[in-house]
Amino acid sequence: MKRIAVYPGSFDPITKGHEDLIHRSLEFVDQLIVAVAVNVSKQPLFSLDERVALIKAAVSDERVDVRSFEGLLAEFAKTVGAAVIVRGLRAVSDFEYEFQMALMNRNLAPKIETVFLVPAFDLTYLSSSLVREVARFGGDVSPLVHPAVQKALKRKFAK
Ligand code: PNS
C-alpha cells in the first residue's frame, strides 16, 4: 500500500526551509501532497494560484503533488487517504501551536498521525514572513528561496 502524507501550510511563499522538509519527507513516504491552505487568517502576499505555481516551480519530483484545500486539514487529509500529516518544528516557539494543532487534528482524524520534522540547522531561523519582510525592503533573499520565488518577490515589490 502506498504511504501518503500531507504537508500543509500557507507557503506564502515557499522557502528553502519548506523545500528541505519536502525532501526529508520523501525519505519515508511514497507520495507527498503539499497542501496549500486557502483560508489563512492574514491576507497573503501571493494569491493561492501563485503560491501553488511557486511550489511547483521549486519542487520537481514525481512523488510530490501540490494541491490547495479549503476548510479543515483533517478532512482534506482523510479525503486524499493520507496516513501522515507532516509539520516542521524549528524552535521551541513553534511547539505550543503545533502541539495543539496535532492534538486537534488527532481528535478530528484519529487514524492520521502528525509527524514533526526538524529542518537543516542553517534553515531553522527561516520563515516565509521573514523572507517577505527582507524582500519588501530590497534585501537579498537568494540564499533563502528558489530563484522563481526570488523573481516573484521582486515583481511583487516592484509594484
Ligand atoms: O504555514 P502555516 O500558516 O503555519 O499553516 C497553518 C495551517 C494552514 C496548516 C493551519 O492553519 C490549518 O491546518 N488550517 C486549515 C484549517 C484547520 O484545519 N484548522 C484546524 C487545525 S487544528
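**Cavity lining and nonpolar cores**

In this predicted model, the largest cavity is lined by Leu73, Ile85, Arg87, Glu98, Met101, Ala102, Asn105, Thr114 and Phe116. Strand 4, helix 4 (92-108) and strand 5 (113-117) are the elements that give two or more residues to this lining. Helix 4 contributes the most, with four residues. By class, five of the lining residues are nonpolar, two are polar and two are charged. The space within the largest cavity comes to about 40 Å³. Across the whole structure, the search returned one cavity of 30 Å³ or more.

The packing of nonpolar side chains was examined next. The largest nonpolar core holds 33 residues. Within this core, Ile14, Ile22 and Leu32 touch the most other members. At least two core residues come from each of strand 1 (4-9), helix 1 (16-25), strand 2 (31-37), helix 2 (48-58), strand 3 (64-69), strand 4 (84-88), helix 5 (128-136) and helix 6 (147-158). Helix 2 supplies the largest share, four residues. A further core lies apart from this one. That second core has 15 residues, including Ala35, Ala37, Ala74 and Ala82.

The surroundings of leucine 32 were then listed, leaving aside neighbours within four places in sequence. Leucine 32 is in contact with Ala5, Val6 and Tyr7. Contacts of leucine 32 also include Ile22, Ser25 and Leu26. Arg63, Val64 and Asp65 complete its list of contacts. Ile22 thus appears both as a contact of leucine 32 and among the residues that touch the most other members of the largest core.

Terms used. Residues are numbered from 1 along each chain as its sequence is written. This is a predicted model: local features need pLDDT of at least 70, side-chain atom pairs count only at pLDDT 80 or more; totals for chains, interfaces and linings use all residues. Side-chain values use heavy atoms; hydrogens and water are left out. A nonpolar core is a set of buried Ala, Val, Leu, Ile, Met, Phe, Trp, Tyr and Cys residues joined through side-chain atoms within 4.5 Å. Buried means under 20% relative accessible area, exposed over 50%, partly exposed in between (1.4 Å probe, protein chains only). Contact means heavy atoms within 4.5 Å. On a 1 Å grid over the protein atoms alone, a cavity is a set of points where a 1.4 Å probe fits but cannot get out, and a pocket is an open set with protein on both sides within 12 Å along at least five of seven lines; lining residues have an atom within 4 Å of a point. Grid points are joined across faces, edges and corners, and a volume is the space filled by probe spheres set on the points. Ala, Val, Leu, Ile, Met, Phe, Trp, Tyr, Cys and Pro count as nonpolar, Asp, Glu, Lys and Arg as charged, and the others, Gly among them, as polar.
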